[in-house]
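Please look at the sequence and the structure below, and keep both in view while reading the report that follows.

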Amino acid sequence: MAVNMIPTSRDIYLEVNGKKVAVVQGYTAQTTRSSTTVEAFGEKEPVATIPGQSKHVLELTRMYATDEALADGINFYDLEDFSLVICKPDRRVIYSGCQWSKIGETGALGASVVEKVTVVAGRRIETA
């Protein structure tokens, strides 16, 4: 009997150039895809639908910089082209080509925690 484990913050993290720079306590992911209908002369309804590009938007909660990233002087506002890695019991989901679109902070001055970050990813892949 397989036991499903819930990912923890060490299982959800940001990578820049293969280096873990932050851990994430939680996330939500939403993927949308546009589509185009193909219409034919004389038909009342479309004859086909063509899939378009996918858009991946993720909301990360409670993002903590790693000790090494803090020592390197990480600034979340400067992050570009990073990856979000989510380790699940049976696979890894990697969102790459990420850019942040919104950052929300609360807490003490100089804290290494960002409360909410909205990220747009260019690509989503799953590996075993």
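## A salt bridge between Glu126 and Arg91

In this predicted model, the side chains of Glu126 and Arg91 come together in a salt bridge, with a distance of 2.8 Å from N to O. The two residues belong to distant parts of the chain, since Glu126 is in strand E7 (residues 123–127) while Arg91 is in the loop between strand E4 (82–87) and strand E5 (92–104), and they are 35 residues apart.

Neither partner falls into the buried or the exposed class: Glu126 has a relative accessible area of 41% and is therefore partly exposed, and Arg91, with a relative accessible area of 25%, is partly exposed as well.

## A network around Glu126

Glu126 also meets the side chain of Arg124 in a salt bridge, where the N to O distance is 2.9 Å. Arg124 counts as partly exposed because its relative accessibility is 34%. When Asp90 is included, the picture becomes a network of salt bridges that links Asp90, Arg91, Arg124 and Glu126.

## Lys116 and Glu59

A search of the whole structure finds seven salt bridges, and one of them joins Lys116 to Glu59, whose closest N and O atoms are 3.5 Å apart. Lys116 lies in strand E6 and Glu59 lies in strand E3 (residues 48–65), so this pair ties together parts of the chain that are 57 residues apart in sequence.

As for accessibility, Lys116 counts as partly exposed at 42%, and Glu59 is likewise partly exposed, having a relative accessible area of 32%.

## Thr118 in strand E6

Is Thr118 buried or exposed? Thr118, which lies in strand E6 (residues 113–121), has a relative accessibility of 15%, and because buried means under 20%, this residue counts as buried.

If neighbours within four places in sequence are left aside, Thr118 is in contact with Val57, Leu58 and Glu59, and also with Gln99, Trp100, Ser101 and Lys102. Glu59 therefore appears twice in this report, as a contact of Thr118 and as the salt-bridge partner of Lys116 in strand E6.

## How far to trust the model

The protein chain has a mean pLDDT of 89, and 88% of its residues reach 70 or more. Over residues 1–7, however, the pLDDT is below 50, and this stretch has three contacts in the model beyond near neighbours in sequence. Where pLDDT is low, the predicted coordinates should not be read in detail.

Conventions
Residues numbered from 1 in each chain as written. Predicted model: local features only at pLDDT ≥ 70, side-chain atom pairs only at ≥ 80, totals over all residues. Heavy atoms only, no water. Helix = DSSP H or I, 4+ residues; strand = E, 2+ residues; numbered from the N terminus. Buried < 20%, exposed > 50% of the residue type's maximum accessible area, 1.4 Å probe, protein only. Contact = heavy atoms within 4.5 Å. pLDDT = per-residue confidence, 0-100. Salt bridge = Lys/Arg side-chain N within 4 Å of Asp/Glu carboxyl O.
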